[in-house]
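Biologist: I'd like a close look at how helices pack against each other in this protein. Could you pick out the packing and walk me through it?

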Amino acid sequence: MDLESGSHLNLAKKESWRTVLVLAYQSLGVVYGDLSTSPLYVYKSTFDEDIEHSETNEEIYGVLSFVFWTLTLVPLFKYVFIVLRADDNGEGGTFALYSLLCRHARVSSLPNCQLADEELSSYRKEPSVPDPSNPNKTGSRLKSTLEKYKVLQIFLLVLALVGACMVIGDGILTPALSVFSAVSGVELAMSKEHHKYVELPVACVILICLFALQHYGTNRVGFLFAPVVITWLLCISTIGLYNIIHWNPHIYKALSPHYMYVFLKKTQGGGWMSLGGILLCITGSEAMFADLGHFSQLSIQIAFTTVVYPSLILAYMGQAAYLSQHHVMENDYRIGFYVSVPEKLRWPVLVIAILAAVVGSQAVITGTFSIIKQCSSLGCFPRVKIVHTSSKIHGQIYIPEVNWILMILCLAVLIGFRDTKRLGNASGLAVITVMLVTTCLMSLVIMLCWHRSVFLAICFVIFFGTIEALYFSASLIKFLEGAWVPIALALIFMIIMYVWHFGTLKKYEFDFQNKVSVDWLLSLSPSLGIVRVRGIGLIHTELVSGIPAIFSHFVTNLPAFHQVLIFLCVKSVPVPHVNHEERFLVGHIGPKQYRIYRCIVRYGYRDAHKDDVAFENDLVCSIAEFIRTRKTEPNGVNGNFVNHDEKMSVVGTPSTHLDGVQMCEDNPEEPKIVSTSEHVNLVSAKLMKPRKRVRFVVPENPKIERETEEELQDLMEAREAGVAYILGHSYVKAKQGSSFMKKLVINFGYEFLRRNSRGPTLALSIPQASTLEVGMVYHI
């Protein structure tokens, strides 16, 4: 699997109309699974208790009008025509908006940002260029205010985390609601006393199977997704059209906004509370923006406007047409979806509905994995194991620990509630909260990133914010009837995220304040007992300058280090992807003869990390390329960046930078190489396993100097001897005099998360046999 090339497959999205149409077809199975299954439970949740279906049809006409205009204004106008344009270099979602704001207003929560990061090609991309003749003074003042006040930066981070936590909560609630609503079709085939004993076990079995199959990845069954959703949309639209023609051809009149006023006037408080059920018609709308990275803006727009939107409108109109002619229901639960399906088609439709619910649930679960990976990359979630299930689509990932936690919570919610009403109340609040967060962040993007007027941003917030606030209030009022679940889940995940982020930030501040100067390292000499041993020593650190305290602690207790020393910093930057040509930032520490280097490896929050062997080769080759080109490389955008006492140069990864230095092993036939000596001690050869010979294939032009060749040969000899990873094993404690809350967060919260999350050796795919951990207590 080539993760380096796999992370940039989305660059050719606009090649042709054929490509766009193929992406539009594929998006139906990934993006719209959740949104397309909403007709299963919208009317049932709306008419559950708050309002009744009367013979005047004012209630059903009002609900249909609300559904039509909600679908038109929120998914169609807000997301398809406006929010999709706010992509972060092709990526979407709450963190994409937050990433845009971090770059344009310098409010990033990442502590180790550098000026060199702003020279990344993906960092500088802006959706629009400000007009010099009409400067946005309000946007400039807002930018200065955000950069000046730390409280506002924290508030912005918390707002993004709230959106992320609600997405995770939706990943727990939506599978339970969708699957349970689809399975509820068996109620028409048996009595009410018996069907409740069938629905719950069947739904639980389907959910267990769904989560158990996650480790295979969506790419294994992805070819089934789009046909299932298309079949489901064709099914509900055809049935809806039949119901319109057969039962009430004049149902289109109910689309008038007048019926919304009549509905609220007649039902009053009950009608307002029933909006929590109507809200469910737009569940899954956020997926259009969140899954933008896998498709293109145009493909998602085409799929929604030509297939999804018309099908959903016909489905809701068909249900309303049927209910407008059937006022007396035999049972109170028969207001749902399946009652409007012709009797001969109910069982086939039941099977298709269950498959569509599984597809929709799969998309939500995959989206939850993606948001957790983004949070972890930006230092807001504990380290977890991330398995890439596709060699072609980098976004298809699987997180085992999170998967099983989601399954347990999903089953607990389903077994605890056992009805669509409370599940709908819980899911609705999670959905509308994410939309409110998107609206707030989007208004800032309009001013800071698009450089539009404050009037336009205020209009956006007032128009869409008013609609969403109305639905939010209707969902929040049902706090005791299920709406407390997403709030409780979000609070738990918020505490986890903020505690981890706070502890990580304080730990970095301790490292930065206690770092050792480069002069101290250069003053070490053999006269003090310091010796250099064969091999490469990789010292992992989060610092981008200076020497970490953990290394001075190591040298003080063991006065020796390797002949080639590399201070390695693997960090995230607030962009979705870093081009492989700009991955490494390499520089010397001290004079060249000391053979001490600093290497900063930059990843975007959606980039995939390579395994240990490939990463080692890329690292060594990048340093070799830096050695070869450091004199001839001109200053400029990709030239040298001054970083305190070091000069850093951008070096690409060798796997995609074929005109640079390449590495080969045990292949003596390569031309034009710089290789180590072939003299082998015969006695040691009998006792020891022969080492692999390492060779660098150096381009013929320009010709390298003698001094550079010696430095390359020293690097190869060290690579042959092996690589040792030196990591710090920190024990974090709150310093004396800290407040009770800080002691609670650091000594118990952060320490508990650190002990139960994956260690750096596992998270970075470091081989255990080559790892040396140095313990140190951090008093922060």
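Modeller: Sure, and keep in mind that this is a predicted model. For background, the protein has 26 helices and 13 strands, and 57% of its 780 residues count as buried. Among contacts with a separation of 6 or more, 84% are between residues 24 or more positions apart.

Now to the packing itself. Two packed helices are described by the angle between their axes and the distance between the axes. Take helix α2, residues 17-30, and helix α14, residues 297-324: their axes come within 8 Å and cross at roughly 60°. The crossing of α2 past α14 is right-handed. On the α2 side, the contact is made by W17, V20, L23, A24, S27 and L28, and α14 brings L298, S299, I302, A303, V307 and V308. Sorted by class, that contact has ten nonpolar residues, two polar ones and no charged ones.

For a second pair, look at helix α5, residues 58-80, and helix α17, residues 420-448. These pack at an angle of about 30°, with their axes 13 Å apart. Angles under 35 degrees count as roughly parallel, so that is how α5 lies relative to α17. The crossing here is left-handed. V74, K78 and Y79 of α5 meet M435, T438 and T439 of α17. By class, the contact of α5 with α17 has three nonpolar, two polar and one charged residues.

Key: Residues are numbered from 1 along each chain as its sequence is written. This is a predicted model: local features need pLDDT of at least 70, side-chain atom pairs count only at pLDDT 80 or more; totals for chains, interfaces and linings use all residues. Side-chain values use heavy atoms; hydrogens and water are left out. Helices (H or I, at least four residues) and strands (E, at least two) are DSSP runs, numbered from the N terminus. Buried means under 20% relative accessible area, exposed over 50%, partly exposed in between (1.4 Å probe, protein chains only). Contact means heavy atoms within 4.5 Å. Axes are lines fitted to C-alpha atoms, for helices over the stretch in contact, and angles run from 0 to 180 degrees between N-to-C directions. A crossing is left-handed if the near helix is turned anticlockwise from the far one by less than a right angle, and right-handed if clockwise. Ala, Val, Leu, Ile, Met, Phe, Trp, Tyr, Cys and Pro count as nonpolar, Asp, Glu, Lys and Arg as charged, and the others, Gly among them, as polar. Angles under 35 degrees count as roughly parallel, over 145 as roughly antiparallel, 65 to 115 as roughly perpendicular and the rest as oblique.
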